[in-house]
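Dear colleague,

Please find the structure below, handed over for your review. My notes on the ligand and its surroundings follow it.

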Amino acid sequence: MSPSAASPAQTVPAARRALPGAPFLAAARGEHPARTPVWFMRQAGRSLPEYRALREGTSMFDACFDPEMLAEITLQPIRRHGVDAAILFSDIVVPLKAAGLDIDIVAGTGPVVAEPIRDAAGVRALPVLDPEQVERVADGVRLLVASLGETPLIGFAGAPFTLASYLIEGGPSRNHEHTKALMHSEPELWHELAGRLADMAITFLSAQLDAGADAIQLFDSWAGALSERDYREFVLPHSAKVLSAVAAYGVPRIHFGVGTGELLVAMRDAGADVVGVDWRIPLDEAVRRLGGGVVQGNLDPALLHASWPVLEAEVRRIHAEGRAADGHIFNLGHGVLPGVDPDVLTRVVGLVHELQP
Ligand code: CP3
């Protein structure tokens, strides 16, 4: 199958849940729900003892391709914390693994590829994702929408730049030097790779949306390593292709990266309905840069380790600064760190829900 035949989202399921009372969806539309919605990136996973117990003896990928297990892990933080949205338990490299690439998730490190992709032969050898290959993920989504009640489900994919960085560097990278070198030295090859990764993200997101996901988040976690000029030239067209391909579903599209204060406008211009903001700039400043709109964020995940009075003051500050936006979805500025006390997360949810929107 050609990449383009595998990618565009043409069918929009009639059975999408309406969820008129969901504060997360209302805030994402720029309305003002009765309470500020809150969820946490990486809310499923290692901060929860019930997660560690369930995962015992099962590899990360095996968990991600087991519909019952991925659904159960997705539900754990909903039950425990009462958050306003579920995020699918999966990983940004799941579509690469599903398509047949030799990639592993190494505990404490992250995704590692057997053969880094640095030349034309490597780019052309990248497999194309067939929707059939993520059918078990879609099965998990169907289980979830049947059991989540009024809580929306956020599907997600990794954006082309962040995925390309793992593939080109061979694993997590501080400086992204091979990625930036290839981007500038061989721009045509870069665009071919990013285009293929965009097609893969479209297929992965469409599978989740066809199965009933209520929103999507495009994670461009490491885009903050780029200048705005490079982002607009080398990355934005590919992320825009992903976001526009799923526009017809009519669900909120969140676009997030770390250290992207200088890129917020560009990331919105790529086609986002909601812009994710990390903790490095205040939300009211983010809203000023964006000229309005809906934002998601931005508690520093490290402060979940601080004393409650310190954390409470931070939550109140962020909540107040979020009032500058047309809609505010409370979240962290990046994912939950593994060592966090889960009771602290539950307490943050309670506080956000108490505060006057
Ligand atoms: O709430 C959730 O946990 C949702 C599921 C989720 C995971 N990864 C589960 C996971 C989501 C949304 C992701 C996305 C993801 N994966 C991103 C984008 C978000 C971000 O953090 O910026 C990135 C960059 C990855 C790549 C990746 N996968 C990393 C850096 C790691 C951590 C490696 C480690 O062990 O420290 C992973 C593995 C991973 N993904 C784990 C989980 C729960 C840990 C593996 C385990 O529990 O065995």
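The shell around the ligand is made up of 14 nonpolar, seven polar and four charged residues. Please bear in mind that this is a predicted model, and that the values given here are computed from it.

Of the 25 residues around the ligand, those that come nearest are Y51, D91, G108, S221 and H334. Two elements, α3 (49–55) and β3 (110–113), each contribute at least two residues to the shell. As to location, the ligand takes up the space of the largest pocket.

Three side chains place a polar atom by an oxygen atom of the ligand. For S221 the separation is 2.4 Å, for H334 the corresponding value is 2.6 Å, and for R46 a polar side-chain atom lies 3.0 Å from a ligand oxygen. The ligand taken alone exposes 860 Å², of which the protein buries 91%.

S221 deserves a separate paragraph. Where in the chain is S221 placed? The residue belongs to the loop that runs between β5 (215–219) and α12 (228–245). Is S221 buried or exposed? Its relative accessible area is 8%, and because buried means under 20%, S221 counts as buried. Across the fold, the C-alpha atom of S221 is separated by 8.0 Å from that of G158, although these positions lie 63 residues apart in chain numbering.

In your own inspection, you may wish to begin with S221, which is among the residues that come nearest to the ligand and has a polar side-chain atom 2.4 Å from a ligand oxygen.

With kind regards

How values were computed
Residues numbered from 1 in each chain as written. Predicted model: local features only at pLDDT ≥ 70, side-chain atom pairs only at ≥ 80, totals over all residues. Heavy atoms only, no water. Near = heavy atom within 4 Å. Polar contact = N/O pair within 3.5 Å; in protein donor to acceptor, adjacent residues only side chain to side chain. Areas by Shrake-Rupley, 256 points an atom, 1.4 Å probe, with all protein chains shown as cover. 1 Å grid on protein atoms, 1.4 Å probe; cavity = no way out; pocket = protein on both sides within 12 Å on 5 of 7 lines; lining within 4 Å. Sits in = over half its atoms within 2 Å of the grid points. Helix = DSSP H or I, 4+ residues; strand = E, 2+ residues; numbered from the N terminus. Nonpolar A, V, L, I, M, F, W, Y, C, P; charged D, E, K, R; others polar. Buried < 20%, exposed > 50% of the residue type's maximum accessible area, 1.4 Å probe, protein only.
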